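Work through these short exercises with the structure open beside you. Try each task before you read its solution.

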Amino acid sequence: SKGQGGLDTVVLRHVSGASAEIYLFGATLCSYKTSDGAERIFVSPGAIYDGKKAIRGGVPLVFPQFGQPDKAMAQHGVARTAMWTLKSVSDGVDASCATFSLSDNDDTRKVWDHAFALEFTVVLSAVSLKMCLRVTNTGSAPFNFQALLHTYFKIPDIGECAVRGLAGRSYSDKVDNTTKTEGAPHIELPSFTDRVYLGAEPGAKDVLVGSKAGTCSVVAVNEASVVGQAVPCDVVVWNPYEEKSPGDLPPPAFKEFVCVEPGMVGKFYELAPGSSAELSQKIIPS
Ligand code: BG6
């Protein structure tokens, strides 16, 4: 199919009526509709689809760096602005599935001189959408990387939003450059919020997106592993409000999303030649 700006997309449909759309540009998932037709993923009305700039919204894939620790490389790395290849699609009664791939090439080598293969798999079922990013070191030397699924969840109103499941975790607050421990049972976002919650222990962890009033609209099951061994999964919570809204996110669009992003970002992970790491988020709307 064709998406915005004439860019190629892959549309997944499940017999239940659920659907998902993924751009080959960045392998950016830009829509997930449940069987009732409700859109669960936010994309900015000001998003630019020129095949150069990362799409503002959806689920940009962050690799091999989070933010810009290496100034020679773009913020959030090379994957979200690369053209990916569709590797396979399958339709089943249980689930519809698509896998996308990206390997190192002249563009990535210029800024990050390592051999890698990425695979991004989307599995759409009647009740959930699972995304998994697999990183493989295809070279002959180890490399260090970070990775993250930068999910923009569509919500009715950021002022009423609450995120549950991160209590007790330590986090780095990028708003005031401090490290804190989350004392509240749920997080509210009354103003510009940019936090990296460190994973506490290995294994799948649920983070709930809902309202201050106590409702839950989505459960996100986040998980990370290196060489098949579970590692703690970090979670970034972000909303820029008007104050930090970038040009392709004209206010008041910030009100309609919250980013809750599973990541391997609290440190760099070393990957040996031939080894793989995986990062996943399963979205279960309620
Ligand atoms: C978040 C970061 O994950 O992504 C923020 O924590 C950053 O610091 C945000 O501003 C958006 O990044 P970008 O490059 O898509 O504007």
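**Exercise 1. Find the polar contacts of the ligand.**
Which side chains place a polar atom by an oxygen atom of the ligand, and at what distance?

*Solution.* Keep in mind that this model is predicted.
Step 1. Start at His 76: a polar atom of its side chain is 3.2 Å from a ligand oxygen.
Step 2. Go to Arg 80. Here a side-chain N or O atom lies 2.8 Å from an oxygen atom of the ligand.
Step 3. Turn to Lys 174, where the corresponding distance to a ligand oxygen is 3.0 Å.
Step 4. Now check the cover. On its own, the ligand has 390 Å² of accessible area, and the protein covers 83% of that.

**Exercise 2. Describe the shell.**
Which residues surround the ligand, and how do they divide by class?

*Solution.* Step 1. List the neighbours. Among them are Arg 56, Phe 66, His 150, Val 236 and Glu 261. His 76, Arg 80 and Lys 174 from Exercise 1 belong to the shell too.
Step 2. Sort the shell by class: 3 nonpolar, 3 polar and 5 charged residues.

**Exercise 3. Place the ligand in a pocket.**
Where does the ligand sit, and what lines that site?

*Solution.* Step 1. Locate the ligand: it sits in the largest pocket.
Step 2. Give the volume of this pocket, about 340 Å³.
Step 3. Count the lining: 16 residues. Nearest the pocket centre are Gln 75, His 76, Lys 174, Asp 194 and Trp 238. These five residues also appear in the shell around the ligand.
Step 4. Sort the lining: 6 residues are nonpolar, 4 polar and 6 charged.

Methods:
Residues are numbered from 1 along each chain as its sequence is written. This is a predicted model: local features need pLDDT of at least 70, side-chain atom pairs count only at pLDDT 80 or more; totals for chains, interfaces and linings use all residues. Side-chain values use heavy atoms; hydrogens and water are left out. On a 1 Å grid over the protein atoms alone, a cavity is a set of points where a 1.4 Å probe fits but cannot get out, and a pocket is an open set with protein on both sides within 12 Å along at least five of seven lines; lining residues have an atom within 4 Å of a point. Grid points are joined across faces, edges and corners, and a volume is the space filled by probe spheres set on the points. Ala, Val, Leu, Ile, Met, Phe, Trp, Tyr, Cys and Pro count as nonpolar, Asp, Glu, Lys and Arg as charged, and the others, Gly among them, as polar. A residue is near a molecule or strand if one of its heavy atoms lies within 4 Å of it. A polar contact is a pair of N or O atoms within 3.5 Å; within protein, one must be able to donate a hydrogen and the other to accept it, and residues adjacent in sequence count only if both atoms are side-chain atoms. Accessible areas come from the Shrake-Rupley method with a 1.4 Å probe; for residues, only the protein chains shown count as cover. A molecule sits in a cavity or pocket if more than half of its atoms lie within 2 Å of its grid points.
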